[in-house]
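Here are a few notes to read alongside the model. They follow the salt bridges, pair by pair.

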Amino acid sequence: MAAGKEIRGKIKSVENTKKITKAMEMVAASKMRKAQERMRSARPYAEKVRTITANLAQANPEYVPAFLQQNSGTGQVGVILVTTDKGLCGGLNTNILRATTAKLKELESQGLKAQTVTIGSKGAGFMSRIGAKVVAQVTQLGDQPHLERLIGPVKTLIDQYAEGKLDAVYLCYTRFINTMKQEPVVQQLLPLSAESMQADKTQHAWDYIYEPDAQSVLDELLKRYIEALVYQAVAENMASEQSARMVAMKAATDNAGNLIAELKLVYNKTRQAAITKELSEIVSGAAAV
């Protein structure tokens with residue numbers, strides 16, 4: 001029964017793995033609900049800042065902020081890559097890294113050099129392996145992103161664009177669609193599109209009193225809006241991470257259950273064959289006597 005003992009050991013090992021994956025599935029499900037609530041609660045702030053800034057820009061058409069102007073001729077672009085710190089979340093990181101690599105190749109074909117800011121250890125490791133220029137990075141954000149930790153690295157690209165040193169800044173992250181679907185997104189962060197900064201025509205135009213002046217207020221509001229967009233991307237990526245991990249761990253648990261059933265069937269067949277062999281030997285011995 002040496003083979004049977006080996007199979008029993010495999011069954012025990014797979015059962016232990018199944019317990020781990022089931023526990024990870026339950027933890028991811030709990031974190032997923034919190035991440036989704038955090039993601040949804042961040043949306044109204046960004047939308048309100050956008051609305052206020054659009055109304056202010058409409059009230060001061062003579063001034064165009066730097067973040068709305070198109071830079072050209074610098075030969076440099078910025079890329080903000082948002083990934084996870086941990087693995088075991090299916091193809092989530094693979095998909096966004098593949099989309100980011102395609103974008104980098106596209107920019108390179110246009111004669112542009114990219115400077116990257118990575119959020120998450122998976123993206124930082126990938127960019128260092130492919131030899132990309134990483135100007136800043138932030139890792140180990142935990143289960144809840146904090147804006148003060150994101151502002152520093154992202155500010156390096158925002159300030160360079162405001163100074164006219166970058167042609168554009170792109171934001172790469174995974175958008176949360178639903179529990180079963182997450183979509184990799186590569187969108188232009190700067191310059192801000194004119195469509196996104198359109199004021200609501202149904203509202204009345206207001207005359208504002210500025211302190212210290214209109215330019216400073218508009219510039220600061222646009223910075224807050226850009227920071228809110230980055231925070232929203234990180235929040236959506238975290239919600240996608242927990243959803244993908246829950247689905248991946250559920251699939252692993254189901255596969256472990258199927259493997260245990262197959263191993264038990266093989267074990268029973270092996271045990272039955274050994275018993276049949278022993279019975280046949282006993283019968284043959286008795287007949288010989």
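1. A quick word on terms before we start: a residue counts as buried when its relative accessible area is under 20%, exposed when it is over 50%, and partly exposed in between. Keep in mind that this is a predicted model. Searching the whole structure turns up eleven salt bridges, and the points below go through some of them.

2. Take Glu-227, which has 13% relative accessibility and so is buried, the cut-off being under 20%. Its salt-bridge partner is Arg-224, with 3.6 Å between the closest N and O atoms. Arg-224 is partly exposed, at 35% relative accessibility. Both residues belong to helix α5 (residues 214–288), where they sit three residues apart, or about one turn of the helix. This pair also has company: Glu-220, Arg-224 and Glu-227 are joined into one network by salt bridges that share partners.

3. Now look at helix α1 (residues 2–59), where Lys-22 and Glu-25 are three residues apart and therefore separated by about one helical turn. These two form a salt bridge, and their closest N and O atoms are 3.8 Å apart. Which of the labels, buried or exposed, fits Glu-25? At 9% relative accessibility, Glu-25 is buried, while Lys-22 is partly exposed with a relative accessible area of 38%.

4. Last, Arg-175 and Glu-183 meet through their side chains in a salt bridge, at 3.7 Å from N to O. Arg-175 is partly exposed at 31% relative accessibility, and Glu-183 is partly exposed at 32%.

Key: Residues are numbered from 1 along each chain as its sequence is written. This is a predicted model: local features need pLDDT of at least 70, side-chain atom pairs count only at pLDDT 80 or more; totals for chains, interfaces and linings use all residues. Side-chain values use heavy atoms; hydrogens and water are left out. A salt bridge is a side-chain nitrogen of Lys or Arg within 4 Å of a carboxyl oxygen of Asp or Glu. Helices (H or I, at least four residues) and strands (E, at least two) are DSSP runs, numbered from the N terminus. Buried means under 20% relative accessible area, exposed over 50%, partly exposed in between (1.4 Å probe, protein chains only).
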